[in-house]
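Q: I am new to this structure and would like a friendly guided look at one part of it. Could you pick one chain, walk me through it slowly, and then show me how it sits beside its neighbour?

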Amino acid sequence: MKKIDRRFFLKAMGVTAATLAVGTSKTTAGDPAHEVGDLPELKGILFDATKCKGCYGCEYDCAWEHELTEPDVIDEDERRKTDHTRRTVVNKYNTSKGEVFVKTQCMNCNDPACGAACLTQAMHKTKEGSVIWRDEKCMGCRYCMVSCPFDMPKFEYHSTNPKIEKCDMCYHLQQQGEMPACAYNCPNGALYFGTRRELIFEANKRIVENPDLYYPHIYGEHEAGGSSWMYLSPVPFEELGFNTKIQNKSYPSLTKGFISSIAPVDILLPAALLGIYEATNKTKPGTYEKEELS
Amino acid sequence: MNKAASQPLYLDNRENNTFKFILNELKPKGKILTPFNIISIPVIITGLIIMYIRFTQGIGSVTNLSQEVPWGLWIGFDVVTGVAFAGGAYVLVFMVYILNLEKYRPIVRVTVLNGFLAYLFYSAALLLDLGRPLSIINVIIGNSFGVSSVLFLVGWHFLLYMLALLLEFSPAIAEWLNARKARKFLSGLTLAAVIFGITLSALHQSGVGALFLMAKDKIHPLWYNAYMPLMFVVSSVFGGISMVILEGSISRKVFDYQLDKDHHKQHNSILHGLSKVCAVGMFVYLFMQILIFVHQQNMPYLFSPMGYWFMFEILGFVLLPMLLFFQSYRTYNISMIKVASVLTLLGIVLNRMNISIIAFQYDAAVRYVPTWQEFVVTLTIIFIEIWVLRWIITRMPILRKSPDWVNNNH
């Protein structure tokens with residue numbers, strides 16, 4: 001082996017470090033899919049809790065559209081959650097301003113945690129805005145479920161070929177130029193479908209025009225880096241069971257530091273280990289035969 | 001376990017026919033009805049039946065996993081904890097091959113074997129937990145690489161590290177098969193395998209911690225912190241070494257007939273040296289825990305049930321074994337080293353289970369408690385691993401000395 005002297009070693013380390021410095025700055029600057037913030041042409045849906053009358057129609061439309069179990073007789077006082085048989089639920093909350101109905105489903109985040117978590121890219125943020133799940137790629141590891149701050153991907157535990165169920169804003173309908181089933185069918189105009197830019201404009205307009213009616217916050221504009229689903233409410237969002245501890249930075253940003261440090265370690269550590277090996281090797285080269293495992 | 005003391009130590013019934021030799025080696029050696037076999041065989045059979053049910057009726061039919069707690073005992077213990085326990089392999093090869101600490105050479109081979117088997121069987125546990133195990137091929141053949149996924153990086157580093165371990169171990173297989181040329185070639189690859197193995201280990205050990213970084217709101221703040229990857233690496237150093245100490249002490253008793261007299265003298269000196277590695281590693285870990293605790297202003301959480309549980313983990317299973325390791329190093333107390341290593345291992349189990357299960361969704365209405373089937377399958381995997389380990393140790397030169405031709409052939 002070529003003898004590595006200190007100068008060569010330092011030079012090698014310097015060159016590697018410089019390469020990495022260039023490399024990392026590139027990865028953080030580029031890659032628009034992971035840029036946090038508003039991508040203007042993403043589609044989304046605005047849910048206005050002041051308009052929802054609690055008819056549960058969207059639950060039936062969703063079940064019909066995605067061939068899921070039709071909802072049973074709904075007990076209004078029961079707090080239900082989405083699961084592998086229903087992608088959306090509407091729950092009633094008794095608040096300081098009386099009864100308020102809230103629809104719950106996957107938020108379709110701009111920079112989804114599930115998408116960053118998925119090791120087969122089965123969870124995928126489309127350029128239209130939907131976060132879709134792709135059957136043929138998924139290996140059922142459920143890391144998306146561990147990562148999702150809203151606990152929205154749902155798994156079929158009793159299937160031998162389990163699927164992940166969650167709202168994808170009817171991606172198949174959007175591709176045919178149609179609206180998501182729930183937004184199309186809502187009789188009370190509580191669901192408003194459009195680009196995120198339009199939705200934020202519309203939501204702000206409603207808040208400004210009716211300051212007494214609305215709580216001045218759009219849930220989903222910034223939460224978890226922003227999402228395609230956004231909410232308007234007459235009361236603070238804590239009262240409606242929303243998770244208000246959600247951070248405004250996207251969740252994949254939490255692992256970015258770790259992921260970008262992998263390449264440097266993969267390159268630098270072997271060099272350092274080889275250096276230490278040479279430094280601690282007490283015998284002079286050529287004077288002994290290396291012993292192997294014994 | 002297998003007390004085949006009546007068997008000759010150096011089997012030289014290798015005929016020219018390798019195939020015949022392997023067939024002969026496949027036959028059991030030693031007694032069949034040992035206490036270990038009597039316990040493990042029914043467990044393994046039950047476990048295999050449960051696995052069959054799992055593959056025909058879905059994961060939910062044998063586990064208590066839910067939509068809120070998607071990872072249970074099979075991931076939290078078998079994989080997350082198991083990886084830390086297998087950390088001894090990379091620490092020890094670092095000491096022997098990189099730092100050239102010849103003192104520890106006698107235990108390298110058995111540690112590497114243990115590490116390799118641990119990884120092999122924990123990946124089997126992982127496959128059991130996958131909803132669609134066959135689709136794991138997507139990650140390997142690359143028709144859809146999720147390169148932004150921590151799990152993807154962990155998986156690949158995991159896989160490559162298994163190859164590195166196999167390479168590090170392969171000279172022993174060559175010696176067993178009497179393949180002299182292959183042995184020479186394979187042992188030439190050892191240093192490269194060691195260097196890449198250590199690198200891959202550092203990254204997948206930290207990666208297991210990084211898996212939980214996105215579960216920020218779900219893990220109790222006493223356990224969640226941005227430095228989890230670093231904490232996982234540091235704890236894998238003393239966790240892995242504690243496993244080496246414990247496992248070495250057990251196999252020294254069980255496979256006593258394979259060892260020569262020199263080894264017994266060396267062994268205590270090796271344990272003594274390792275106790276210092278653990279003590280220092282645990283000191284660093286404890287110091288980091290305190291820094292994080294202060295930095296995150298976790299004081300308000302301390303006097304609550306979760307806070308007491310946290311103190312139980314840190315004081316009882318980090319501070320206490322650390323002091324025991326220091327004390328036993330100073331007084332050369334070998335049995336205290338063993339006690340400390342057991343406490344340390346329990347601490348690693350506690351820490352990994354806390355992060356992946358107990359402090360995960362800590363405020364959920366319905367807590368996850370594993371079913372008995374989950375425990376049985378976990379035990380099954382461990383028992384099968386021990387069976388394979390025993391099979392290899394009684395046949396290959398792992399604990400005993402390599403055949404004479406290895407040293408004469410240079």
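What follows is a close look at chain B, starting from its helices and ending with its contact with chain A.

A: Let's begin with how to read the model. It is a predicted one, in which local features need pLDDT of at least 70 and side-chain atom pairs count only at pLDDT 80 or more, while totals for chains, interfaces and linings use all residues. Residues are numbered from 1 along each chain as its sequence is written, and chains are lettered from A and ligands numbered from 1 in the order in which they are written.

Now to the whole of chain B. This chain has 16 helices and zero strands; helices (H or I, at least four residues) and strands (E, at least two) are DSSP runs, numbered from the N terminus. Its radius of gyration (taken over C-alpha atoms) is 22 Å, close to the 22 Å from the globule rule (2.2 Å times the number of residues to the power 0.38) for 410 residues, so chain B is as compact as a globular protein of that length. Along the principal axes, the C-alpha atoms of chain B fill a box of roughly 70 × 55 × 45 Å. Of its 410 residues, 48% count as buried. Buried here means 20 or more other C-beta atoms within 10 Å of a residue's own; 12 or fewer makes a residue exposed, anything in between partly exposed, and the C-beta atoms are placed from the backbone. Two residues are in contact if their C-beta atoms, placed from the backbone, lie within 7 Å. Among the contacts in chain B with a separation of 6 or more, 82% are between residues 24 or more positions apart.

Next, zoom in on helix α2 of chain B, residues 35-57. The expected span of a helix is 1.5 Å times one less than its number of residues, which gives 33 Å for these 23 residues; the end C-alpha atoms are 34 Å apart, and that agrees. Within α2(B), B:Ser40, B:Gly47, B:Ile50 and B:Arg54 are buried. A helpful general point is that an α-helix has 3.6 residues a turn, so residues three or four places apart point the same way. Among the elements covering the buried residues of α2(B) are α5 (108-129) and α15 (372-395) of chain B. After α2(B) comes B:Gly58, with a positive phi near 95 degrees.

From there, turn to the core. A nonpolar core is a set of buried Ala, Val, Leu, Ile, Met, Phe, Trp, Tyr and Cys residues joined through C-beta atoms within 7 Å. The largest one has 185 residues, and B:Leu92 and B:Val93 have the most contacts inside it. Helix α7 (residues 150-176) of chain B gives the largest share of this core, 13 residues. Not counting residues up to four places away in sequence, B:Leu92 touches B:Tyr104, B:Ile107, B:Val108, B:Thr111 and B:Val244.

Helix α11 of chain B is a good next stop. B:Cys278 lies in this helix and is buried, with 29 other C-beta atoms within 10 Å. Leaving aside neighbours within four places in sequence, B:Cys278 is in contact with B:Phe238, B:Ile241, B:Ser242, B:Phe325 and B:Thr344. By contrast, the C-alpha atoms of B:Cys278 and B:Gln373 are separated by 34 Å, with their positions 95 residues apart along the chain. In the loop between α11 (261-295) and α12 (299-302) of chain B you will find B:Gln297. This glutamine is exposed, with 9 other C-beta atoms within 10 Å, and has a positive phi near 50 degrees although it is a residue other than glycine.

Finally, meet the neighbour. Chain A has eight helices and nine strands, and 39% of its 294 residues count as buried. The contact between the chains takes 55 residues from chain A and 53 residues from chain B. On the chain A side, α3 (113-117), α4 (143-147), β6 (154-155) and α8 (253-280) each supply at least two residues. Of these elements, α8(A) gives the most, with 14 residues. The residues on that side divide into 30 nonpolar, 15 polar and ten charged, where Ala, Val, Leu, Ile, Met, Phe, Trp, Tyr, Cys and Pro count as nonpolar, Asp, Glu, Lys and Arg as charged, and the others, Gly among them, as polar.
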